[in-house]
Structure formats: structure tokens, C-alpha cells
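User: I would like to learn how to read the pockets of a protein model. Please show me the structure and take me through them.

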Amino acid sequence: MDTTAPRSPRSPFGRALCAMVTPFTDDGALDLTAAQRLADRLVAGGCEGLVLSGTTGESPTTTDAEKSDLVRAVCEAADGRATVIAGVGTSDTRHTLALARQAQRAGADGLLAVTPYYSRPPQDAVEAHFRELADAVDVPVMLYDIPGRTGTRIEPGTMIRLAAHPRIVAVKDCAYDLLGTQTVMAATDLAYYTGCDEYVLALYALGGAGYVSTVANAAPRAFRAIVDAYDAGDTAEAARRQRLTVPLTQAVMSAGLPGTVTVKALLAALGLPGGGPVRAPLRPAGQEVADGLLRVYEELVSAS
């Protein structure tokens, strides 16, 4: 499989991106060896970009130093074969800027920044926050619109204004507002990546840049096959490939547990790097959940 990462205006970070889990040792320490092994497996499986320290990467419970160490380790493992995008979003603009500068020094190819959470700033404050971030660094920025977690979305009008900044180039879209998404896509050159695994083909067919997938931690080839089939002109095969992933996406995302918890449980069941502990307040999935995930994963592999 060709694992090169095309950097066209449509897909500046590549098409097939994985929201990588952050591995921890049994005693709760950051496991950089496992992170490098996982990164290598994901790139070999077709991931063209690795997104670190996002929701799936348990960013609220990793320290600034751990985030920097993780970027350095994954950049070393990727060795130019995939882009590395570092999550730097916090609820504090000053802290976000500090993390952004740190990630750039550590070698990140780009930054992922979520809307400031909990304080629920108005749109003019959201816009100012992202402009300050983009002004503070020399690497491209991907905005992360996930109002279900932050309490505040990046409204289409705000997104359109931010698109004028030369370093704001992409969006990870978890807003579940396809009309708003298309409104921004029609008015800007922002590269839209779906952060919702069930929308990979839908957004890509509308001119999206690709995806940032949680489920791809366990099944990178299954998601890469969707965009490959579409780019080859076989839309029926792309649709079939998308449908094949639905049961695993449902199992990972609809178990009443965060995707981080379920995908780590699946990785552990498969004996793959990245499986293992989560940090409190998250708790590991039970054996029944892990067994169910493994069954669905095996069905996907068999059908593929």
C-alpha cells in the first residue's frame, strides 16, 4: 500500500489521519516506546497523518512535558512518512499559545486547536483566540469544532472570517451540521476533515479533505480503503467499504463509553501497541465490552 501523504490544497496533511491514542504503562506513565510502535503500525497501515493529544489522546490528563515528549517520539517514528499534528487546545489562550510554541519546537507539522471549553466564550472571543494562536506560530493550524464537548461551536460566519488567516488551513469537523459545513466549504478554501467515522465518505464526496479517525487506531486499512476507492473512481466500492466499517464504529462509539476507552480495550484484546490503561477519571472497559469489540473487529477483517 502506498503510504505517502499527498499535501494538496484539498488535503494539506494527507487524507487518512488517525486520532492516535496515548499509550500508558501499567503504572500510569507515558509509554513512548508503545507510542512509537503504534505510530509505525498506523503509518504502515495507510495513515498519512497522526493527530496527537486530541480527545482520543486523553489530552486533559497529560502534562505539557508529556505532550512535548510524545510529539518528539512520534515524529521520530514517523520519520517523514506521515504528517504529525499536535493537539494544543485548552480553555486558556495563554496556555494554548505556550503549548503551540512547544509543539512547533518539538517538530510538529501542524497544530490541532479546539474551541476554548467550559467558559463558553462568544464568537468574537473565539475568533480572537484562534487568531492569536495562528499569529504565534509558523506551522499550519487545524481548527477543531466539537461543540458537544466544548459547549461552544465555531459558527460558520466565524469560520469564514478565520479562513482568511494564512496559517488557518483546515478543520476537524465534529459539529454534526452538514449544511453549515457545506456553507463554509463553499465560501473558503479550508480543508475539511471529518472527525466522525460514519461520515468519512459523505464529507469526502462533498469535497472534504479526508478524515481524522479514532477507530482507525485499530483498523487503519479499512478506513484508508474508503478514500482510495473513491479516488480510483469506484464510488460503489467506496460506499461498500464505508458500510463495512459501520458495525465497528458503532461498537467503539456507542458503548456508553468514550472512544478512547473502547479503542484501547480493542487494541489490548488484539495485543497491539496502544492498548492498556486510561487515566482517571476514565476507567477501563470491562471484559464483556472488550470481547464484543473483538468479535465485531474480526467480522470486519473477514469481510474486507
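User: Which residues line the second largest pocket?

Analyst: The general idea is that rolling a probe the size of a water molecule over the atoms shows where empty space is left. In this predicted model, the lining of the second largest pocket consists of Arg 41, Ala 218, Ala 219, Pro 220, Arg 221, Ala 222, Ala 225, Arg 241, Tyr 297, Leu 300, Val 301 and Ser 304. Two elements, α9 (220–231) and α12 (287–303), each give two or more residues to this lining. The most comes from α9, with four residues.

User: How much space lies in the second largest pocket, and which classes of residue make up its lining?

Analyst: The space amounts to about 160 Å³. Eight of the lining residues are nonpolar, three are charged and one is polar.

User: How much space lies in the largest pocket, and which residues are the closest to its centre?

Analyst: The largest pocket holds about 960 Å³ of space. It is lined by 42 residues, of which Thr 55, Thr 56, Tyr 144, Ile 146 and Arg 149 are the closest to the centre. The elements that contribute two or more residues to this lining are β4 (110–114), α5 (147–150), α10 (235–253) and α11 (259–269).

User: Which element supplies the largest share of the lining of the largest pocket, and how is the lining divided by class?

Analyst: The largest share comes from α10, which supplies six residues. By class, the lining of the largest pocket comprises 19 polar, 17 nonpolar and six charged residues.

User: I should now like to place the pockets within the whole chain. How many helices and strands does the chain have, and what does its radius of gyration agree with?

Analyst: The chain has 12 helices and eight strands. A compact globule of 304 residues would have a radius of gyration near 19 Å, and the 18 Å of this chain agrees with that. Along the principal axes, the C-alpha trace spans about 50 × 45 × 35 Å.

User: What share of the residues counts as buried, and what does the chain expose?

Analyst: Taking buried to mean under 20% relative accessible area, 54% of the 304 residues fall in that class. The chain exposes about 12300 Å², of which carbon and sulfur atoms supply 51%.

User: How far apart in sequence are the residues that contacts join?

Analyst: Counting contacts between residues at least 6 apart in sequence, 70% join residues at least 24 apart.

Key. Residues are numbered from 1 along each chain as its sequence is written. This is a predicted model: local features need pLDDT of at least 70, side-chain atom pairs count only at pLDDT 80 or more; totals for chains, interfaces and linings use all residues. Side-chain values use heavy atoms; hydrogens and water are left out. On a 1 Å grid over the protein atoms alone, a cavity is a set of points where a 1.4 Å probe fits but cannot get out, and a pocket is an open set with protein on both sides within 12 Å along at least five of seven lines; lining residues have an atom within 4 Å of a point. Grid points are joined across faces, edges and corners, and a volume is the space filled by probe spheres set on the points. Ala, Val, Leu, Ile, Met, Phe, Trp, Tyr, Cys and Pro count as nonpolar, Asp, Glu, Lys and Arg as charged, and the others, Gly among them, as polar. The radius of gyration is taken over C-alpha atoms; the globule rule is 2.2 Å times the number of residues to the power 0.38. Buried means under 20% relative accessible area, exposed over 50%, partly exposed in between (1.4 Å probe, protein chains only). Contact means heavy atoms within 4.5 Å. Accessible areas come from the Shrake-Rupley method with a 1.4 Å probe; for residues, only the protein chains shown count as cover.
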